[in-house]
Amino acid sequence: MEILGTTLRICVDDLETSVAFYERLTGSPALRFERGGVSVAAVSCFLLMSGPAEEIEVLRKVTATIAVKDVDEAFAALTAVGAQVVAGPVPTPAGRNLIAVHPDGSVFEYVDRNPVQSG
């Protein structure tokens, strides 16, 4: 599995204030989208999330988002070494993702930029 990078996940109460801070800190503009009732802003290597408490509590359990070349390869590699895939692979606005629990209990999201082919 080829890992391309990692995004730090941060759950915030005030998305606008946090976006302004991270945009100034990194010099990068935020890319925004909504997912499952949660407002998300990607600023450089930071993924800021704000929304209903019940949604945020689930998101807080995921340690980081790991960009990979191909989610199917990640699925195969993770299961081969004993990780448990608990969600996905599923399509996202930018590609596909899955959620895996490592044997030590750590939870990670794995994402790729491979758009799902309609057909």
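Where in the chain is the place of Arg113? In this predicted model, Arg113 belongs to the segment that comes after strand 8, a strand covering residues 107–112. Arg113 counts as exposed because its relative accessibility is 66%, and the term exposed applies to values over 50%.

Which residues does Arg113 touch, once its neighbours within four places in sequence are left aside? The contacts are with Ala94 and Gly95. Gly95 is separated from Arg113 by 18 residues in sequence, yet in space the distance from C-alpha to C-alpha is 4.4 Å.

The strands may now be considered together. Eight strands make up an open sheet with mixed pairing, and their order across the sheet is 2-3-4-1-5-8-7-6. Strand 2 (31–35) and strand 6 (84–91) are the edge strands, each of which pairs on one side only. From one strand to the next, the twist averages 25 degrees.

Two helices can then be placed against these strands. Helix 1, residues 15–26, packs on the sheet and touches strand 1 (3–11), strand 2, strand 3 (38–43) and strand 4 (46–50). The direction of helix 1 makes about 170 degrees with that of strand 4. Helix 3, residues 71–80, lies across strand 5 (64–68), strand 6, strand 7 and strand 8. With respect to strand 7, helix 3 runs at about 15 degrees.

The edge formed by strand 6 deserves a closer look. How many residues lie between strand 6 and strand 7 in the hairpin that they form? There are four residues between them. Strand 7 covers residues 96–101, and its pairing with strand 6 is in the antiparallel sense, over five bridges. Individual residues illustrate this pairing: Ala87 has Ile99 of strand 7 as its bridge partner, and Val85 stands opposite Ala100 in strand 7.

Finally, the structure may be set beside a database record. In an unreviewed entry, UniProt places the feature "domain: VOC" at residues 2–113. How is this span built in the model? Residues 2–113 are 26% helix and 45% strand, and the C-alpha atoms at the two ends of the span lie 13 Å apart. The account thus returns to Arg113, the exposed residue with which it began.

How values were computed. Residues numbered from 1 in each chain as written. Predicted model: local features only at pLDDT ≥ 70, side-chain atom pairs only at ≥ 80, totals over all residues. Heavy atoms only, no water. Buried < 20%, exposed > 50% of the residue type's maximum accessible area, 1.4 Å probe, protein only. Contact = heavy atoms within 4.5 Å. Pairing = 2+ DSSP bridges. Axes fitted to C-alpha atoms, helices over the stretch in contact; angles between N-to-C directions. UniProt positions renumbered as here; feature names shortened; annotations may be inferred.
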